[in-house]
Amino acid sequence: MKSCVTISLVEEARGGPFIFWNGLRDGCEKAKALGFDAVEVFPPGVEAVDTDLLQSLLSDHGLELAAVGTGAGMVKHGLSLTSTDATERQRAKDFVRSIIDLAGQFGASAIIGSMQGRWNADLPKADALALLGEAINELGPHASQYGASLIYEPLNRYETNLCNTMADGVEFLSSLNDGHNCVLLADLFHMNIEETCISQAIRDAGSAIGHVHFVDSNRRPAGLGHMSYEPIVDALRSIQYDRFISAEAFAYPEPDAAAKQTIDSFNKYFG
Ligand code: LER
Ligand code: MN
């Protein structure tokens with residue numbers, strides 16, 4: 001399992017659950033200094049990422065790009081893959097596709113989290129899931145050309161009403177076309193709210209899990225809440241999870257201390 005830390009480039013998301021906030025150079029230098037294997041980037045859009053700079057920062061610091069988030073499509077541009085407006089849906093898909101193309105240059109995955117939207121009185125749940133499925137059936141295979149999966153993240157009930165648990169996610173993936181090329185993101189913060197038992201949910205989802213957001217119960221860095229990590233680590237080992245353990249947590253008490261806290265917890269539990 002590989003350690004990873006998040007870098008947000010989205011001003012509108014200040015105060016959100018990301019560790020580093022001061023640009024790619026600052027984030028990569030600090031990630032390297034602490035011994036992280038990779039970074040996960042949350043950009044406002046592809047135009048905000050200088051790919052030559054990112055390439056040189058990654059190679060100079062021996063880091064991988066693990067994933068790129070698409071949440072700014074919702075947070076900054078108000079887009080959703082389940083909008084009832086076809087033009088809006090197309091714009092949302094185009095936004096995600098552009099992030100897939102950016103991440104793909106680095107062999108990394110794009111993450112669909114808040115871009116999934118919600119069902120509501122005008123859009124029954126089955127119809128919303130069908131729209132989301134349509135988008136992922138198109139976008140997942142698009143990511144294949146880069147040898148990367150598309151990552152879909154079940155979120156807690158306050159952020160979506162589509163898929164809240166790993167089991168919801170597995171059921172949703174099973175409704176997609178063969179070759180959907182989509183894996184689930186197990187975000188321990190969302191799971192702490194929604195799952196009956198986090199470790200059992202991980203075991204049940206098994207190989208469907210392709211990315212992990214490493215965070216504590218209160219969304220502070222791992223070790224600053226009341227999460228019991230031992231059974232979670234055992235479960236990840238039992239499913240032979242070998243991908244990224246990515247710190248997506250509040251920069252509490254501040255970014256440098258949050259990053260240090262996270263790598264210390266990563267080394268304690270996964271080292
Ligand atoms: C949102 O709560 C979250 O966990 C992010 O990874 C998705 O954008
Ligand atoms: Mn997350």
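In this predicted model, the charged end of Arg220 sits over the ring of Tyr252, 3.6 Å from the ring centre. Such a placement requires NZ of Lys or CZ of Arg within 6 Å of the ring centre and within 35 degrees of the ring normal. Because the model is predicted, local features need pLDDT of at least 70 and side-chain atom pairs count only at pLDDT 80 or more, while totals for chains, interfaces and linings use all residues. Residues are numbered from 1 along each chain as its sequence is written, chains are lettered from A and ligands numbered from 1 in the order in which they are written, and side-chain values use heavy atoms, with hydrogens and water left out.

Aromatic pairs were searched for next. A pair of aromatic rings is described by the distance of the centres and the angle of the planes. Rings of Phe, Tyr and Trp (its six-membered ring) pair if their centres lie within 6.5 Å; planes under 30 degrees apart count as stacked, over 60 as edge-to-face and the rest as tilted. The whole structure yields seven aromatic pairs. One of them joins Tyr152 and Phe172, with 5.3 Å centre to centre and 55° between the planes, a tilted arrangement. This pair links distant parts of the chain, 20 residues apart: Tyr152 lies in strand E5 (residues 150-152) and Phe172 in helix H6 (residues 166-174). Helices (H or I, at least four residues) and strands (E, at least two) are DSSP runs, numbered from the N terminus. Tyr152 and Phe172 are both buried. Buried means under 20% relative accessible area, exposed over 50%, and partly exposed in between (1.4 Å probe, protein chains only).

The pair of Phe214 and Tyr229 is edge-to-face, because the ring centres are 5.5 Å apart and the planes stand at 65°. Here too distant parts of the chain are linked, 15 residues apart: Phe214 belongs to strand E7 (residues 209-214), Tyr229 to helix H9 (residues 229-238). Phe214 is buried, at 1% relative accessibility. Tyr229 is buried as well, with a relative accessible area of 1%. Phe214 and Tyr229 form one aromatic cluster with Phe266, Tyr269 and Phe270.

Two strand residues contact members of this cluster. Ser246, in strand E8 (residues 244-247), is buried, with a relative accessible area of 0%. Beyond its neighbours within four places in sequence, Ser246 is in contact (heavy atoms within 4.5 Å) with Cys4, Val5, Thr6, Glu40, His211, Val212, His213 and Phe214. Ser3 lies in strand E1 (residues 2-8) and is buried, at 1% relative accessible area. With the same neighbours set aside, Ser3 is in contact with Gly35, Phe36, Asp37, Ala38, Ile245, Ile263 and Phe266.

His213 also appears around ligand 1, together with Ser114, Glu153, Leu155, Glu159, Asp187, His190, Arg219 and Glu248; a residue is listed if one of its heavy atoms lies within 4 Å. A polar side-chain atom of Glu159 lies 2.6 Å from an oxygen atom of ligand 1. For His190 the corresponding distance is 2.8 Å. For His213 it is 3.4 Å. Taken alone, ligand 1 exposes 260 Å², and the protein buries 89% of that. Accessible areas come from the Shrake-Rupley method with a 1.4 Å probe; for residues, only the protein chains shown count as cover.

Thr51 is found in helix H2 (residues 51-61). At 23% relative accessibility, Thr51 is partly exposed. Apart from neighbours within four places in sequence, Thr51 is in contact with Leu102, Gln105 and Phe106. The C-alpha atoms of Thr51 and Leu102 are separated by 7.9 Å, with the residues 51 apart along the chain.

Terms used: Polar contact = N/O pair within 3.5 Å; in protein donor to acceptor, adjacent residues only side chain to side chain.
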